[in-house]
Amino acid sequence: MVRGWIVFVFLLVCGLVTLASLWAHPENASRAGWISDEGCGVQHTKPGRADCVQKCWRGGASVGHPEWKPQRAVFVADGDQAIWIVENPEAVRDFPAAHVLLAGNFDSAKKTVHVEKITPAGE
């Protein structure tokens, strides 16, 4: 009887570990949203904010504030306004404060995205 419980618990734990790894596995998806910076996030999800996003990406030294540290590029998803840190920021450099369709690997556990393709979104 005890041996049966040990086997059951072992299989249950293995199943939960497998489900957790599948849940955290990067998801290939295509989503609409905005390119911004980590410091301002949702605040830069409007047209005309490109200069501010670029300054945030560079840091404040270029505008007389060396104490402002460079910010990471992020993708702000439409709808839930979820913020995803862009793992390969060179892929989004030409799209500051732009509304885009982004295809890539979204990692829910880390809240990161590796951009595979990015195009301007049709308004």
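These legends accompany close-up views of a predicted model.

**View 1. The whole chain, element by element.**
The protein chain holds two helices and five strands. Read from the N terminus, the order is α-β-α-β-β-β-β. Of its 123 residues, 32% are buried. The exposed surface comes to about 7700 Å², and carbon and sulfur atoms supply 63% of that area. Among contacts between residues at least 6 apart in sequence, 57% join residues at least 24 apart.

**View 2. The five-stranded barrel.**
The strands close into a barrel in the order β1-β2-β3-β5-β4. Pairing around the barrel is mixed. From one strand to the next, the twist averages 55 degrees. Strands of a sheet pair through backbone hydrogen bonds, in either the parallel or the antiparallel sense. β1 and β4 are an antiparallel pair with eight bridges. β4 and β5 are also antiparallel, and eight bridges join them. β2 and β3 run antiparallel and share three bridges.

**View 3. The start of β1 against β4.**
Strand β1 covers residues 27-37, and E27 belongs to it. Which residue of β4 stands opposite E27? F106 does. Beyond residues up to four places away in sequence, E27 touches G104, N105 and F106. N105 lies 78 residues from E27 along the chain, yet their C-alpha atoms are separated by 5.2 Å. E27 has a relative accessible area of 36%, between the cut-offs of 20% and 50%, so it counts as partly exposed.

**View 4. The nonpolar core.**
Nonpolar side chains tend to be buried together in soluble globular proteins. Here the largest nonpolar core has 19 residues. I35, F75, V92, L102 and I118 have the most contacts inside this core. β1, α2, β2, β3, β4 and β5 each supply at least two of the core residues.

**View 5. I118 and its surroundings.**
I118 is among the core residues with the most contacts inside the core. Across the β4-β5 pairing, L102 stands opposite I118 in β5. Neighbours within four places in sequence aside, I118 contacts I35, A91, V92, F95, V100, L101 and L102. I35, V92 and L102 are also listed with I118 among the core residues richest in contacts.

**View 6. Helix α2 over the barrel.**
α2 spans residues 50-58. This helix lies across β1 and β2, at about 95 degrees to β1. C56 is found in α2. Is C56 buried or exposed? Its relative accessible area is 17%, under the 20% cut-off, so C56 is buried. With neighbours within four places in sequence left out, C56 is in contact with D37, C40, H44, K69, P70 and Q71. C56 and D37 are 19 residues apart in sequence, and their C-alpha atoms are 6.5 Å apart.

**View 7. H99 and D78.**
H99 sits in strand β4. What distance separates the side chains of H99 and D78 in their polar contact? The value is 2.7 Å. H99 is buried because its relative accessible area, 15%, is under 20%.

**View 8. β2, β3 and the loop between them.**
V74 has I85 in β3 as its bridge partner. Strand β2 covers residues 73-77, and β3 covers 83-86. The loop between β2 and β3 contains Q81. Q81 is a residue other than glycine with a positive phi, near 60 degrees. At 32% relative accessibility, Q81 falls between 20% and 50%, so it counts as partly exposed.

**View 9. A97 in the loop between β3 and β4.**
A97 belongs to the loop between β3 and β4. Although A97 is not a glycine, its phi is positive, about 55 degrees. Its relative accessibility is 5%, under the 20% cut-off, so A97 counts as buried.

**View 10. The β4-β5 hairpin.**
β4 (99-107) and β5 (112-120) are the two strands in this view. They form a hairpin with four residues between them. K111 lies in the turn and has a positive phi of about 60 degrees.

Conventions: Residues are numbered from 1 along each chain as its sequence is written. This is a predicted model: local features need pLDDT of at least 70, side-chain atom pairs count only at pLDDT 80 or more; totals for chains, interfaces and linings use all residues. Side-chain values use heavy atoms; hydrogens and water are left out. Buried means under 20% relative accessible area, exposed over 50%, partly exposed in between (1.4 Å probe, protein chains only). Contact means heavy atoms within 4.5 Å. Accessible areas come from the Shrake-Rupley method with a 1.4 Å probe; for residues, only the protein chains shown count as cover. A nonpolar core is a set of buried Ala, Val, Leu, Ile, Met, Phe, Trp, Tyr and Cys residues joined through side-chain atoms within 4.5 Å. Two strands pair if DSSP finds at least two bridges between them. Axes are lines fitted to C-alpha atoms, for helices over the stretch in contact, and angles run from 0 to 180 degrees between N-to-C directions. A polar contact is a pair of N or O atoms within 3.5 Å; within protein, one must be able to donate a hydrogen and the other to accept it, and residues adjacent in sequence count only if both atoms are side-chain atoms.
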